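Work through the following exercises with the structure in view, trying each task before reading its solution.

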Amino acid sequence: MSGKTGVGRLPDCIIIGARKAGTRIVLAMLNRHPKVKIVGPELGFFNSASTYQKGLSWYSQQMPNATSDEVVIEKTADYFQYSEAPERIHAMNPGIKLILVIRDPIERMISDYYFIQRYASRVSSAYHFQEVNKTLEELVINSTTNKINYSYGGICRSSYAKLIQPWLRWFPRKQIHVVNGDNIAKNNPAQELRQAEKFLGLRPFTKDRHFYYDNDKGYWCLRGGCFGAEKGHVHPPLDPEIRGRLFRHFWRSNQEFFALMGRDYGW
Ligand SMILES: Nc1ncnc2c1ncn2[C@@H]1O[C@H](COP(=O)(O)OS(=O)(=O)O)[C@@H](OP(=O)(O)O)[C@H]1O
């Protein structure tokens with residue numbers, strides 16, 4: 001926790017991604033803790049040249065008013081895949097705590113694909129536009145070689161072993177806490193939250209009764225407020241043959257990620 005009080009102090013923790021792994025629900029769940037203060041919107045500070053140029057004084061002004069015993073958390077889900085972000089965050093505070101939410105890389109990729117299809121007009125980068133009007137199957141398989149299309153962004157953003165490397169160059173492993181997004185969404189959110197509280201040095205707060213399983217959504221939700229239609233979609237099934245190929249493709253990367261992070265997530 002920062003020694004400083006009020007607006008102008010920098011965050012104690014950043015949720016760095018992975019995009020579409022459940023980062024928003026993790027932030028919302030942590031926000032229930034009486035000693036947590038969050039930044040609501042994604043600032044996209046460390047992954048954008050123009051925003052980063054605004055400097056740390058701008059960034060600190062976006063932080064909520066907080067006392068010195070509170071934990072301030074910012075989350076931008078795209079930091080994880082931006083290789084310059086770890087160095088920039090390290091320059092701000094080498095002791096900062098980082099939370100990485102991950103989920104089955106194939107499910108994350110599917111969610112990412114349908115997100116871009118829904119919000120194509122809002123996302124501006126050229127590669128996003130190339131993805132629109134193509135099926136997921138068309139993007140995943142290179143039609144010329146009939147091999148997995150390694151350059152498809154959805155695959156790159158699920159290649160956790162590669163993406164974690166720059167973070168591990170700048171931060172010790174113990175400073176990066178991994179939250180299992182599949183467990184948050186489908187199994188035991190309270191267990192994941194208690195581990196995150198411990199990592200953040202917060203007094204234990206989360207109880208099982210803070211959550212309920214929403215049968216309509218098919219997700220564990222916070223009692224008193226589940227997400228609306230913007231989160232938690234039912235996606236069309238992926239071609240089983242392509243799913244099998246993706247499973248084999250991700251297998252090595254997943255094993256490497258498990259070895260680096262010291263835990264097997266079972267995908
Ligand atoms: N309780 C609950 N309600 C709704 N959705 C839930 C929940 N828990 C986890 N999820 C999963 O979170 C996915 C969105 O992930 P992120 O919040 O990381 O997305 S983002 O990158 O910030 O846009 C979201 O992806 P979509 O299903 O594609 O919307 C869900 O799979």
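**Exercise 1. Work out the strand order of the open sheet of five strands, and find which strands stand at the edges.**

Solution. The order in this open sheet is E2-E3-E1-E4-E7, and the pairing is parallel; strands here are DSSP runs of E with at least two residues, helices are runs of H or I with at least four, both numbered from the N terminus, and two strands pair if DSSP finds at least two bridges between them. The model is a predicted one, in which local features need pLDDT of at least 70 and side-chain atom pairs count only at pLDDT 80 or more, while totals for chains, interfaces and linings use all residues. Residues are numbered from 1 along each chain as its sequence is written. Next, look at the ends of the order: strand E2 (36–38) and strand E7 (176–180) each have a single partner strand, so one side of each is left without a neighbour in the sheet. From one strand to the next, the twist averages 25°. As a last step, take one pair inside the sheet: strand E1 (residues 13–17) and strand E3 (residues 71–75) are joined in the parallel sense over three bridges, and Cys13 stands opposite Ile73 in E3.

**Exercise 2. Describe how strand E8 and E9 pair, in the parallel or the antiparallel sense, and examine their hairpin.**

Solution. Strand E8 (residues 211–214) pairs with E9 in the antiparallel sense, over four bridges. One of the residues to locate is Tyr212, whose bridge partner in E9 is Cys221. The hairpin has four residues between the strands, and Gly218 takes a positive phi near 75° there.

**Exercise 3. Identify the buried residues of H9, and explain how they are placed around the axis.**

Solution. Begin with the list, which is Tyr160, Leu163, Ile164 and Trp167; a residue is buried if 20 or more other C-beta atoms, placed from the backbone, lie within 10 Å of its own, exposed if 12 or fewer, and partly exposed in between. These residues cover an arc of only 90° around the axis, which puts them on the same side of H9, the arc being that of the directions from the helix axis to the C-beta atoms. The general background is that an α-helix has 3.6 residues a turn, so residues three or four places apart point the same way. Finally, the buried residues of H9 pack against H4, E4, H5, E7 and H12.

**Exercise 4. Characterise the packing of helix H9 with helix H12 by angle, by distance and by residues.**

Solution. Helix H9 (residues 160–170) and helix H12 (residues 240–261) pack at an angle of about 30°, and their axes are 8 Å apart; axes are lines fitted to C-alpha atoms, for helices over the stretch in contact, and angles run from 0 to 180 degrees between N-to-C directions. On the H9 side, Tyr160, Ala161, Lys162, Ile164 and Leu168 meet Ser253, Glu256, Phe257 and Leu260 in H12, where contact requires C-beta atoms, placed from the backbone, within 7 Å.

**Exercise 5. Find which residues of helix H11 are buried, and what they pack against.**

Solution. In helix H11 (residues 189–199), the buried residues are Pro189, Glu192, Leu193, Ala196 and Glu197. Seen down the axis of H11, these fall within an arc of 140°, so they line one face of the helix. They pack against H1, strand E4 (97–102), E7, H10, E8 and E9. Just after H11, Gly201 takes a positive phi of about 75°.

Note on methods: Two residues are in contact if their C-beta atoms, placed from the backbone, lie within 7 Å.
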